[in-house]
Amino acid sequence: MTDCLGDEAGDMTPMDLYEKLTSQGDTVRTLKTEKAAKADIDAAVQLLLKLKVDYKQVTGQDYKTGCPPSECAVSQDNGPAAAAADGEDMVDPWNVSTTNAKGVDYDKLIVRFGSSKIDQELVDRIERVSGQKAHRFLRRGIFFSHRDMHQVLDAYEKNKSFYLYTGRGPSSEALHVGHLIPFIFTKWLQDTFDIPLVIQLTDDEKYLWKDLSLEDCHRYTVENAKDIIACGFDINKTFIFSDLDYMGASPDFYRNVVKVQKHVTFNQVKGIFGFGDSDCIGKIAFPAIQAAPSFSNSFPQIFKGRKDVQCLIPCAIDQDPYFRMTRDVAPRIGYPKPALLHSTFFPALQGAQTKMSASEANSSIFLTDTPKQIKNKVNKHAFSGGKDTVEEHRKYGGNPDVDVSFMYLTFFLEDDEQLEKIRQDYASGALLTGELKKRLIETLQPMITSHQERRKQVTEETVKQFMTPRPLNFNF
């Protein structure tokens, strides 16, 4: 597989990449001139796009014909904003938006980011290797993209285990239902493969990016940890940590942060994340902190100093820029590249043009909401794919592809046949918008009430146990 900063690109100089890009551009032009088969042209264009992303990650510059890297000034508008200027979906670790009512075009995003699609062959293989039915997130394409998952499974079949790493940026006391997606799936992975998990709570990141005090960020960390623990993670196989606490307590973790920092230039960071001259230096240094948990020797209490244990990171696709950077650096500092599984975004109530946000109360269903609040939010704010009148809806049917209530059911309704029947009934007009919203409300209310009951059982002492650096119940 070729990454945006893949195996080959990681070994190339900027000039090597420039020359390869120029050659590939000539290839595309030749194929078009000769009216080659569409499949050949598409494959050549896809490689060209990946090379352009490689080039930008390595140099911090956009590729320009006839302008070698040593002769070009660094573009001032590079990074994530460039995609929006080109009319592409805006996807970066802090912003997600699209003009399409169906949401982000994930097939285009796979090409842009240089990852690989999770196809039916991979889903079947996960079932075969694990001996378990694939999680509904895999069956329905909610986790849709990966990096090196086949490599993880190859090793697992040879009795070489791996560990999981995911995280959360604690910017508020209450999580919303969209925040649960990576944790629901990560718990399934942990249970299915019987492996350890580290969960990074980036309270330092939120202090750097938000108008919050350090004390508030750390308090949110503890509150968010309670919600994460309530998802049912095994205390004997799970370590949750605050960056503000663990960085100072673990020399091994900090050493890895410094190693990453030494191998990423300011130009690269600007190119990857779009940082500007007015951003504080803490932001520029932070990506190395999110990279460090990808390396097993950052947790000597768990892995006994081993640096060769493979890491698998389930996360939303907007976090991928951090790990493209990490995967580029890893072999240069003697570590295996982390593998990734990418999820789609959980849409806001108002529609799939943006993801659910904790800062917008009416766009989100929070894990603290009462059954009445859930009902009112869905009925009042959930974007409908139905027609304006009952008569029109019965005649023409609704559009489940843009209907937020149906989108939410794809995340939380377990029964595939039931979900497909709802889709067909809504599309045919047999199921009205109000009835579809009622199905969603009846799905969400018990799920959130059950979560609230589990969270009440999580004491301060339980949080302390999960967040104490310690050996986990696993032998590699």
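**Notebook: chain, sheet, helix H9 and two buried residues**

I began with the surface of the chain, and its accessible area comes to about 20800 Å², of which 50% belongs to carbon and sulfur atoms. I note here that what I am reading is a predicted model.

Next I looked up the overall make-up, and I found 24 helices and eleven strands in the chain. Of the 476 residues in the chain, 55% are buried. I also looked at contacts between residues with a separation of 6 or more, and 77% of these join residues 24 or more positions apart.

I then turned to the sheet, an open one of seven strands with mixed pairing, and I wrote down its order as E3-E4-E9-E8-E5-E6-E7. Its edge strands are E3 (116-117) and E7 (238-242), each of which pairs on one side only. At the E3 end I saw that E3 and E4 run antiparallel and are joined by two bridges, and that Ser116 stands opposite His146 in E4.

Just past E4 (143-147) I stopped at Asp148, which lies in the loop between that strand and helix H8 (149-157). I asked myself whether Asp148 is buried or exposed. Its relative accessible area is 15%, and because buried means under 20%, Asp148 counts as buried. I also looked up a partner far along the chain, and the C-alpha atoms of Asp148 and Leu341 are separated by 8.8 Å although the two are 193 residues apart in the chain.

My next entry concerns Thr166, whose place is in strand E5 (residues 162-168). Thr166 has 4% relative accessibility and so counts as buried. What does the side chain of Thr166 reach with a polar atom? I found the backbone oxygen of Pro314 at 2.9 Å from such an atom. Leaving out residues up to four places away in sequence, I listed the residues that Thr166 touches as Pro182, Phe183, Thr186, Leu197, Val198, Ile199, Gln200 and Pro314.

Helix H9 (residues 180-193) was my last stop, and I noted that its 14 residues reach 20 Å from the first C-alpha to the last, close to the 20 Å expected at 1.5 Å a residue. Eleven of the 14 residues of H9 are buried, so the helix is largely enclosed by the rest of the structure. Among these buried residues I marked Pro182, Phe183 and Thr186, which are also in the list of residues touched by Thr166. Others that I wrote down as buried in H9 include Trp188, Leu189, Gln190 and Phe193. After H9 comes Asp194, and I recorded its phi as positive, near 55°.

How values were computed: Residues are numbered from 1 along each chain as its sequence is written. This is a predicted model: local features need pLDDT of at least 70, side-chain atom pairs count only at pLDDT 80 or more; totals for chains, interfaces and linings use all residues. Side-chain values use heavy atoms; hydrogens and water are left out. Helices (H or I, at least four residues) and strands (E, at least two) are DSSP runs, numbered from the N terminus. Buried means under 20% relative accessible area, exposed over 50%, partly exposed in between (1.4 Å probe, protein chains only). Contact means heavy atoms within 4.5 Å. Accessible areas come from the Shrake-Rupley method with a 1.4 Å probe; for residues, only the protein chains shown count as cover. A polar contact is a pair of N or O atoms within 3.5 Å; within protein, one must be able to donate a hydrogen and the other to accept it, and residues adjacent in sequence count only if both atoms are side-chain atoms. The expected span of a helix is 1.5 Å times one less than its number of residues. Two strands pair if DSSP finds at least two bridges between them.
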